[in-house]
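The exercises below concern one protein structure. Work through each task before reading its solution.

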Amino acid sequence: MITSYSNKSVREVIQLNQKAKARNNQGLFVVEGVKMFAEAPQERIHKVYVAQRAETDLRNAYREKLDKLSVEIVADDVFDKMSDTKTPQGILCLVQQFRYGLEELITASKNKQHALFILLEDLQDPGNLGTIFRTGEGCGVDGIIMSNRTVDVYNPKVIRSTMGSVYRVPFLYTDDLCGTIHTLQEHDINVYAAHLDGTRYYDEYDYRGGTAFLIGNEGNGLRKETTECVAHLLRIPMEGEVESLNAAVASSILLYEAYRQRRHMRET
């Protein structure tokens with residue numbers, strides 16, 4: 001059992017929680033909580049840490065899975081130090097990072113005939129990104145594509161906000177968002193940017209074919225050069241003096257409109 005704050009594993013988990021560089025160097029990220037452990041793909045779990053207080057209950061509930069994994073029991077006070085949450089649930093694990101390529105995502109979407117992507121430029125709020133992952137899974141997106149200035153998807157706050165969707169929704173970062181947009185367009189995927197200069201409302205478009213929605217930074221919106229890469233600028237109607245919506249809310253509105261149209265198409 002791990003009982004020391006200076007234990008190498010304890011220091012490693014803390015580093016992985018706090019630093020993107022450490023996560024990328026090791027190709028690992030930290031997930032916490034019973035739900036996140038239960039849904040984690042077993043083949044990607046590198047190591048599991050269980051608080052002494054939670055061992056019996058977790059063994060009873062997840063014996064079959066835990067017996068196949070490398071598990072360390074940790075003294076309660078030390079586990080609390082390793083945890084990134086205020087009320088730890090007594091289990092955390094190190095998971096291998098995911099790797100996806102753009103062509104892989106496009107090919108998989110072509111097999112479904114109706115591609116659906118969401119593109120994010122420079123989003124900084126972990127809660128927004130995690131919510132977009134959950135919404136994306138609910139709407140059946142084929143992938144989430146982010147500029148390299150977007151918050152790290154393996155940030156513990158993002159991971160918690162995804163509620164497990166990070167395991168199931170393909171994603172990638174790109175150094176060249178405009179280049180990625182052009183690639184999507186070459187594969188007959190129409191790109192629509194949510195923008196205050198949009199001349200048509202979002203519900204005036206047909207999203208039943210290949211579709212990608214582009215959402216900009218929470219405070220600054222889309223960069224001018226990125227906006228110029230997109231043929232379709234759309235608006236979300238709003239009353240009062242509100243100028244723009246939260247990035248996750250805007251994403252949800254657009255994705256569910258695409259989902260509504262596609263569901264209606266399947267039902268008729």
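In what follows, Ala, Val, Leu, Ile, Met, Phe, Trp, Tyr, Cys and Pro count as nonpolar, Asp, Glu, Lys and Arg as charged, and the others, Gly among them, as polar. The model is predicted: local features need pLDDT of at least 70 and side-chain atom pairs count only at pLDDT 80 or more, while totals for chains, interfaces and linings use all residues. Residues are numbered from 1 along each chain as its sequence is written, and side-chain values use heavy atoms, with hydrogens and water left out.

**Exercise 1. Describe the largest cavity and its lining.**

Step 1. A cavity is a set of points on a 1 Å grid over the protein atoms alone where a 1.4 Å probe fits but cannot get out; lining residues have an atom within 4 Å of a point. Grid points are joined across faces, edges and corners, and a volume is the space filled by probe spheres set on the points.

Step 2. The count is 1 cavity of 30 Å³ or more, and the volume of the largest cavity is about 30 Å³.

Step 3. Its lining consists of Asn17, Val30, Val31, Glu32, Pro156, Ile159 and Arg160. Two or more of these residues come from each of β1 (28–32) and α8 (156–162); helices (H or I, at least four residues) and strands (E, at least two) are DSSP runs, numbered from the N terminus.

Step 4. Sorted by class, the lining holds 4 nonpolar, 1 polar and 2 charged residues.

**Exercise 2. Give the strand order of the 4-strand sheet and place its helices.**

Step 1. Two strands pair if DSSP finds at least two bridges between them. The open sheet has the order β1-β4-β2-β3, with mixed pairing.

Step 2. β1 and β3 (71–74) are the edge strands, each pairing on one side only. From one strand to the next the twist averages 20°; axes are lines fitted to C-alpha atoms, for helices over the stretch in contact, and angles run from 0 to 180 degrees between N-to-C directions.

Step 3. β1 runs antiparallel to β4 (91–96), to which 5 bridges join it. Within this pair, leucine 28 is opposite glutamine 96.

Step 4. Contact means heavy atoms within 4.5 Å. Helix α1 (8–18) packs on the sheet and touches β1, β2 (45–51) and β4, at about 95° to β1. Helix α4 (55–66) touches β2, β3 and β4, and makes about 160° with β2.

**Exercise 3. Do the same for the 7-strand sheet.**

Step 1. The order of this open sheet is β7-β6-β5-β10-β8-β11-β9, and its pairing is parallel. Its edge strands are β7 (171–174) and β9 (200–201).

Step 2. Strands β8 (190–194) and β11 (232–235) run parallel and are joined by 3 bridges. Alanine 194 has leucine 234 of β11 as its bridge partner.

Step 3. Helix α7 (126–139) packs on the sheet, touching β5 (116–120), β6 (143–147) and β7, and its direction makes about 170° with that of β5. Helix α11 (247–267) lies across β5, β8, β10 (211–215) and β11, at about 165° to β10.

**Exercise 4. Which loop holds methionine 163, and which holds aspartate 188?**

Step 1. Methionine 163 is in the loop between α8 and β7. Its phi is near 55°, positive in a residue other than glycine.

Step 2. Aspartate 188 is in the loop between α9 (177–186) and β8. Its phi is also positive, about 60°, although aspartate 188 is not a glycine.

Step 3. Buried means under 20% relative accessible area, exposed over 50%, and partly exposed in between (1.4 Å probe, protein chains only). Methionine 163 counts as partly exposed because its relative accessibility is 35%. Aspartate 188, at 62%, therefore counts as exposed.

Notes
On a 1 Å grid over the protein atoms alone, a cavity is a set of points where a 1.4 Å probe fits but cannot get out, and a pocket is an open set with protein on both sides within 12 Å along at least five of seven lines; lining residues have an atom within 4 Å of a point.
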